[in-house]
Amino acid sequence: DPAKARRTVTVVGTDSHAVTLIPPVLARIRKEAPGIDLVFRGFTPDVSQRVQRGEVDMVFSVANQPLRAGAASEPLRKDCLALVMRRGHPLSQTPFTIEDYGRCEHVLVSILDDGASEIDAILAASGVERRIALTTPHFMGALAAIAGTDMVMTLSRSVAERYRQTFDLVLREPPFGNRAYEQTMVWSAARGTDPLMQWVRGLIREEAAAQEAGEVSVETLFP
């Protein structure tokens, strides 16, 4: 019974999860299972090993991320990429080609400090390179940097839409197409039947679905 449980649950994700999904999840935990404490940590290179050792209960991930042996996953919600720039940016209202994209200065959120991005592989296939003018592990810091410069950024549409008004941003469809992807939850298969964690994952799933249902459609954002 979650209402009677006393336990600490450790979750790994990015600051975008911390400011979008964790607050409503935590509000429900305080109401429905007040004996549960939540610890939210950032990514480290050994996060998969930490999950298997039982140090981490669940990790936010994406479906195209390879699943390690001994791990289980579940779809959380669908999302896609959006190109973001400040309102008044010289390219905010003009046709935007993949060559224009390559000429812009970009902000990159690098979760594990490896500078890796599938976008650069897509650009390379078209003979385009881009300059990464700022690399940061923080989505909120990246959006703040976009708001005050002519740099651009490509990130989760759901995150960009949530903070569009806060940072006075313009969202555009990336010139390499509407890159859809799926967010997931990952945990250790060995502890997949843990009743309390099944309840926590169900709660997270419900809150993610509620947020997705309340978002502006892709057709409205990218007519």
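Is valine 19 buried, exposed or partly exposed? With a relative accessible area of 34%, valine 19 is partly exposed, because that value falls between the 20% limit for buried and the 50% limit for exposed. Keep in mind that we're looking at a predicted model.

Let's stay with valine 19 for a moment. You'll find valine 19 in helix H1, which covers residues 15-20. If we skip its neighbours within four places in sequence, valine 19 is in contact with Met140 and Tyr163. As for glycine 214, that residue sits 195 residues from valine 19 in sequence, and the two C-alpha atoms are 17 Å apart in space.

Now zoom out to the whole chain. Its secondary structure adds up to 10 helices and nine strands. Measured out along the principal axes, the C-alpha atoms fill a box of roughly 55 × 35 × 25 Å. How does the radius of gyration fit in? A compact globule of 223 residues would come out near 17 Å, and the chain has 19 Å, which agrees. Of those 223 residues, 46% count as buried. Take the contacts between residues at least 6 apart in sequence: 81% of them join residues at least 24 apart.

On the outside, the chain exposes about 11,100 Å², with carbon and sulfur atoms supplying 52% of that area. Charges come as 25 positive and 28 negative side chains, and the centres of the two sets lie 5 Å apart.

Back inside, the rings are worth a look. A search of the whole structure turns up three aromatic pairs. One of them joins tyrosine 101 and phenylalanine 176 edge-to-face, 5.5 Å from centre to centre and with 90 degrees between the planes. This pair links distant parts of the chain: tyrosine 101 belongs to helix H4 (residues 98-103), while phenylalanine 176 lies 75 residues away, in the loop between strand S8 (169-172) and strand S9 (180-188). Tyrosine 101 is buried, with a relative accessible area of 0%. Phenylalanine 176, at 13%, counts as buried too, because the cut-off is under 20%.

Another pair brings together tyrosine 163 and phenylalanine 167, with ring centres 6.4 Å apart and planes at 50 degrees, so this one is tilted. Both tyrosine 163 and phenylalanine 167 are buried, and Tyr163 is also one of the residues in contact with valine 19. Finally, ring pairs tie Phe96, Tyr101 and Phe176 together into a cluster.

Definitions and conventions. Residues numbered from 1 in each chain as written. Predicted model: local features only at pLDDT ≥ 70, side-chain atom pairs only at ≥ 80, totals over all residues. Heavy atoms only, no water. Helix = DSSP H or I, 4+ residues; strand = E, 2+ residues; numbered from the N terminus. Rg over C-alpha atoms; globule rule 2.2 N^0.38 Å. Buried < 20%, exposed > 50% of the residue type's maximum accessible area, 1.4 Å probe, protein only. Contact = heavy atoms within 4.5 Å. Areas by Shrake-Rupley, 256 points an atom, 1.4 Å probe, with all protein chains shown as cover. Lys, Arg positive; Asp, Glu negative; His and termini not counted. Charge placed at Lys NZ, Arg CZ, Asp CG, Glu CD. Phe/Tyr/Trp six-rings, centres within 6.5 Å; stacked < 30°, edge-to-face > 60°.
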